[in-house]
Amino acid sequence: MKYFLSAIIIIFSISIGETADAQNQNLANSGSFYSGFGYGSPSESFSPNTIGMGLTGVSTFSNQSANVSNPALWGLSGFTHGSVAVSMMNYNASDQFDSSSKALFAFDQFQLILPVLRNRLGVSLSFNPVTRSDFQRVTEDTFAPVDGIQLDDVDYLTNTQGSGGVNKFEFGAGYRLMDNITIGYSMGAYLLTQKQEVTAAFSDVSYRGLNYDRDIEGYAFGHKFGLFANKNSVFGSDDQFAIGATVTLPVTIDAERSVSSFRTINGRRTLVELDQNGSAVDGTVKLPMEINTGLTYNLNRFVVFSAETMIQQWSDAEYSFNPAQEAYFKDRLKTGFGVQYHPYRTEQRGGFFSNFKYSLGSSYDTGHLNINGEDIDTLFLNAGIGFVSRQAASSIDLSFEYGIRGTESASLVKENIWGFKLSLNLAEFMFVRPKFQ
């Protein structure tokens with residue numbers, strides 16, 4: 001157990017340090033091109049047990065790891081659970097003219113579940129991103145210096161680097177109403193922090209280059225409801241069907257935008273707030289309603305099949321700071337299917353490879369953007385491996401994924417995405433006294 005604890009402390013410390021360093025070194029140099037629209041691209045919350053399938057785990061219960069997707073499952077916890085997850089993703093983007101490669105190291109989520117009444121009532125505290133906005137966008141154009149006067153057009157180049165998004169601190173509880181039905185509720189504090197650094201250079205030396213920061217901040221509270229039900233011995237004595245569903249209500253954030261730049265005043269470099277009397281200082285950022293459903297079939301204790309469907313009403317989302325980008329929003333549908341094999345559950349393990357669990361999965365996402373008549377959809381393939389401690393219920397889950405997003409048509413960008421997610425999970429640590437025979 002001490003090795004699992006040490007690993008969690010090391011990964012947690014590295015992730016916090018790397019995230020801080022990345023922000024100091026322009027985190028915008030990494031990430032997806034499409035996260036630069038609105039307040040960022042949706043960020044999925046994967047439960048540790050199902051990251052290898054690429055699924056949220058809304059209908060999949062495991063007493064060996066935490067579940068962040070469905071509050072109802074917290075009521076089934078028999079032991080205290082803690083988990084921390086990080087990821088490293090690479091984005092190889094290309095359009096009709098050029099290509100680039102970027103990487104993003106991110107701290108994905110943290111969760112702690114405490115069973116108030118074992119297998120009856122459990123509470124959870126977690127942190128995870130809701131959207132991410134990490135991008136770099138370069139645009140080139142020309143303009144005529146003075147209308148009606150025969151002067152050469154001026155070329156200019158604008159470089160926008162953005163980072164931030166919406167993060168959520170979530171607290172809630174799950175309660176088992178009866179043997180086969182559990183319900184849950186959680187309240188989330190949504191924090192919006194979006195930072196963009198804009199620089200502009202001109203071909204005519206008579207025009208001075210521009211450099212300013214645009215920051216958007218705000219917060220709000222939201223609500224999520226969960227349901228989980230299962231039925232044993234449907235087609236055989238060892239199988240089980242389980243269904244899960246969550247509903248996340250829309251969240252409206254009253255946000256404030258500030259624009260600032262350094263200027264030389266009386267011979268001193270001074271930070272100056274710009275556009276404070278403008279009409280766009282205050283604005284509205286609205287997160288969409290989400291419905292997430294899943295069906296899990298445990299063929300036996302070794303094989304698990306799971307399928308999920310998620311709907312987000314992005315057509316009702318708002319981003320008043322940029323109405324042109326808000327017009328790109330559309331309803332999002334994501335479906336996925338996965339399978340797990342658990343050879344470590346055999347009474348006699350058949351060698352080294354029987355100590356692990358294995359996962360495969362795939363998903364299709366229609367995306368939340370429609371740009372120039374094209375849906376920005378994504379296809380993902382996932383594979384995972386998990387190691388479960390022999391001495392305790394703790395585990396390490398590692399997921400590898402590859403995806404294709406977007407298109408090069410209509411002057412857009414196609415991204416090849418690959419990377420991994422790592423989740424470290426503790427169960428029972430410091431809360432259950434060992435029993436001696």
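Here are some notes on this predicted model, point by point.

1. Overall make-up. The chain holds two helices and 22 strands, so let me refer to strands by number below, as runs counted from the N terminus. Of the 437 residues, 47% are buried. Among contacts with a separation of 6 or more, 66% are between residues 24 or more positions apart. The chain exposes about 21600 Å², and 56% of that comes from carbon and sulfur atoms.

2. A nonpolar patch on the surface. Do have a look at Phe-169, Tyr-185, Met-187, Leu-191, Tyr-219, Phe-221, Phe-225 and Leu-249, which make a nonpolar surface patch of about 780 Å². Two elements give two or more residues to this patch: strand 7 (181–202) and strand 8 (210–232). Phe-225 belongs to strand 8. With a relative accessibility of 41%, Phe-225 falls in the partly exposed class, because that class runs from 20% to 50%.

3. A ring pair inside the patch. Which way do the rings of Tyr-185 and Phe-225 meet: stacked, tilted or edge-to-face? Their centres are 5.4 Å apart and their planes stand at 45°, so the pair is tilted. Tyr-185 sits in strand 7 and Phe-225 in strand 8, so this pair ties together parts that are 40 residues apart in sequence. Tyr-185 is partly exposed too, at 32% relative accessibility. Both residues are members of the nonpolar patch described above.

4. A buried ring pair. The structure has 20 aromatic pairs, and one between Phe-107 and Phe-127 is worth a visit. Here the ring centres are 6.1 Å apart and the planes are at 15°, so the pair counts as stacked; the cut-off for stacking is under 30 degrees. Phe-107 is in strand 3 (residues 99–117) and Phe-127 in strand 4 (residues 121–132), and the pair links these distant parts of the chain across 20 residues. Phe-107 and Phe-127 are both buried, whereas Tyr-185 is partly exposed and so is Phe-225.

5. More aromatic detail. Tyr-39, Trp-314, Tyr-319, Phe-321 and Phe-329 are joined into a cluster by ring pairs. A charge also meets a ring elsewhere: the charged end of Arg-137 sits over the ring of Phe-37, at 4.9 Å from the ring centre.

6. A salt bridge across the sequence. There are 12 salt bridges in the structure. Side chains of opposite charge can pair when their charged atoms come close. In one of the bridges, the side chains of Lys-334 and Glu-44 meet with an N to O distance of 3.7 Å. Lys-334 lies in strand 16 (residues 332–341), while Glu-44 is in the loop between strand 1 (41–42) and strand 2 (81–94), so the bridge ties together parts that are 290 residues apart in sequence. Lys-334 and Glu-44 are both buried.

7. Two further bridges, and a network. Lys-168 pairs with Glu-170, with the closest N and O atoms 3.7 Å apart, and both of these residues are buried. In the bridge between Lys-195 and Asp-213, the closest N and O atoms are 3.6 Å apart. That pair links distant parts of the chain, with Lys-195 in strand 7 and Asp-213 in strand 8, 18 residues apart. Lys-195 is partly exposed, with 30% relative accessibility. As for the network, salt bridges with shared partners join Glu-44, Arg-332, Lys-334 and Asp-365.

8. Backbone points to check by eye. Most residues other than glycine have a negative phi. Where, then, does Asn-119 lie? Asn-119 is in the loop between strand 3 and strand 4, and its phi is positive, at about 60°, although Asn-119 is not a glycine. Its relative accessibility of 32% makes Asn-119 partly exposed. Ala-410 has a positive phi as well, of about 55°, and is not a glycine either. The loop between strand 21 (395–406) and strand 22 (414–427) is where Ala-410 is placed. Ala-410 has a relative accessible area of 30% and is partly exposed.

Key: Residues numbered from 1 in each chain as written. Predicted model: local features only at pLDDT ≥ 70, side-chain atom pairs only at ≥ 80, totals over all residues. Heavy atoms only, no water. Patch = residues over 30% accessible without salt bridge, like charges linked within 9 Å, V, L, I, M, F, W, Y side chains within 5 Å. Areas by Shrake-Rupley, 256 points an atom, 1.4 Å probe, with all protein chains shown as cover. Salt bridge = Lys/Arg side-chain N within 4 Å of Asp/Glu carboxyl O. Helix = DSSP H or I, 4+ residues; strand = E, 2+ residues; numbered from the N terminus. Buried < 20%, exposed > 50% of the residue type's maximum accessible area, 1.4 Å probe, protein only. Phe/Tyr/Trp six-rings, centres within 6.5 Å; stacked < 30°, edge-to-face > 60°. Lys NZ or Arg CZ within 6 Å of the ring centre and 35° of its normal. Contact = heavy atoms within 4.5 Å.
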